[in-house]
Structures are given as C-alpha cells and as structure tokens.
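Dear colleague,

Here is the structure I promised to pass on. Please open it, then read the notes below.

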Amino acid sequence: MLIFLACLVGLLGAVLFYASTKPNECNFSRSIHILAPPEKIFPLIDDPRAMNEWNPFVKADPNIKLSYSGPPNGVGAANDFDGNNKVGAGRAEIIESVDPSKVVVALRMDRPMKCQNRVEFTIVPNGNGSDVTWAMSGKQPFMGKLFSVFVNTEKMVSSAFETGLADLKARAEA
C-alpha cells in the first residue's frame with residue numbers, strides 16, 4: 001500500500017511539475033480568405049450582436065444568456081455571457097476598432113477559469129477578397145497549464161476559430 005501511495009504521489013508530482021513547465025502565455029490564431037471586401041466583413045465583427053450570429057462559442061449553448069451594453073458597435077460595445085460548461089461566463093468588450101481593418105476585444109472569463117485575453121481580428125485586402133485572421137493571446141494561469149496537460153487547448157480553440165471563420169465567410173460572401 002505504501003508503494004502504491006508513493007507511486008501515486010510521484011505521478012501527481014510529475015504532472016504538476018510538467019504543467020509548471022508549460023508557457024506562461026497562450027497564443028492561438030487562424031486565418032481564412034473571404035471573397036468579399038473588408039467593408040463588407042468589418043460590420044460582422046465590429047458589432048457584438050452580428051458577431052454572435054457566427055461566433056461558435058455562443059452557438060455551443062442554445063440557452064446562453066447574452067446581454068449587451070454600450071454603443072451598438074465599435075469601441076465600448078460589449079456583451080456579457082453566461083452559458084453552459086462549454087461556454088462559461090464572462091464579458092467581451094471592443095477596445096479598439098479601426099474601420100475596416102481591425103477589431104480588438106478584451107475577453108474576460110469568469111468561469112470555468114478566470115482569465116483575461118486579447119482577441120484580435122484583422123482584415124487585409126488580398127486580390128479578389130480579404131484575408132481575415134482571428135487571434136487570441138493572454139496569460140496562462142497555472143490551472144490553464146494543468147488543464148492543457150490533459151486537453152489539447154490549441155486544437156480545441158483553433159478548431160472553434162476555424163468553424164467561426166467558415167461561418168463568417170459564408171455570411172460575408174452571401
């Protein structure tokens with residue numbers, strides 16, 4: 001029994017040590033080419049209500065509670081959300097808006113883990129359309145590092161970005 005407990009404590013220690021070696025910052029991004037000019041894409045991102053029509057994180061909970069504050073779009077436009085365990089709870093507020101090329105959102109998560117991230121959308125004209133990039137960065141607290149030992153967060157978040165960008169593309173090209 002003592003050998004089993006010693007092995008268990010050793011394994012737990014190894015997992016905690018490994019988690020502590022994970023990066024202190026997280027960075028995720030995905031891009032897509034959309035056959036539309038930036039002027040057509042920008043309003044779908046700069047307005048929280050419009051964005052939540054294609055946002056895969058909002059779509060993950062059909063019963064999500066959303067409330068909006070501030071102006072309808074641009075700097076200060078915000079939405080608070082409270083959803084299931086896939087969505088969590090927090091606030092997304094536009095802190096920078098450069099029509100028609102960039103929208104920066106301050107994302108505060110209250111649940112499942114407290115954290116603050118910077119979400120940035122860039123729209124760059126390219127040939128017959130625009131390249132749109134969805135990026136997120138922020139500090140990764142220890143609980144986030146520990147979570148990433150068991151769940152591939154890069155794959156999870158980036159997959160959601162790809163889904164959302166594909167939906168944004170369909171809407172902008174329609």
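A nonpolar patch lies on the surface, formed by M1, L2, F4, L5 and L8. Together these residues have about 610 Å² of accessible area. Bear in mind that this is a predicted model. F4 belongs to helix α1, residues 2-20. Its relative accessibility is 53%, so F4 counts as exposed, the cut-off being over 50%.

Now the sheet. It is open and has 7 strands, paired antiparallel. The order is β1-β7-β6-β5-β4-β3-β2. The edges are held by β1 (25-34) and β2 (65-69). Each has a single partner strand, so one side of each is left without a neighbour in the sheet. From one strand to the next, the twist averages 15°.

At the β1 edge, the partner is β7, residues 129-139. The two run antiparallel and are joined by 10 bridges. Within this pairing, C26 stands opposite G138 of β7.

Two helices to look at next pack on the sheet. Helix α2 covers residues 38-46. It touches β1, β4 (89-98), β5 (102-111), β6 (115-126) and β7. The direction of α2 makes about 165° with that of β6.

Helix α6 spans residues 153-173 and also packs on the sheet. Its contacts there are with β1 and β7. The direction of α6 makes about 25° with that of β1.

Which strands do α2 and α6 both touch? They are β1 and β7, the pair joined by 10 bridges.

Best wishes

Note on methods. Residues are numbered from 1 along each chain as its sequence is written. This is a predicted model: local features need pLDDT of at least 70, side-chain atom pairs count only at pLDDT 80 or more; totals for chains, interfaces and linings use all residues. Side-chain values use heavy atoms; hydrogens and water are left out. Two strands pair if DSSP finds at least two bridges between them. Helices (H or I, at least four residues) and strands (E, at least two) are DSSP runs, numbered from the N terminus. Axes are lines fitted to C-alpha atoms, for helices over the stretch in contact, and angles run from 0 to 180 degrees between N-to-C directions. Contact means heavy atoms within 4.5 Å. Patches are made of residues with over 30% relative accessible area and no salt bridge: like charges are joined within 9 Å, nonpolar side chains (Val, Leu, Ile, Met, Phe, Trp, Tyr) within 5 Å. Accessible areas come from the Shrake-Rupley method with a 1.4 Å probe; for residues, only the protein chains shown count as cover. A salt bridge is a side-chain nitrogen of Lys or Arg within 4 Å of a carboxyl oxygen of Asp or Glu. Buried means under 20% relative accessible area, exposed over 50%, partly exposed in between (1.4 Å probe, protein chains only).
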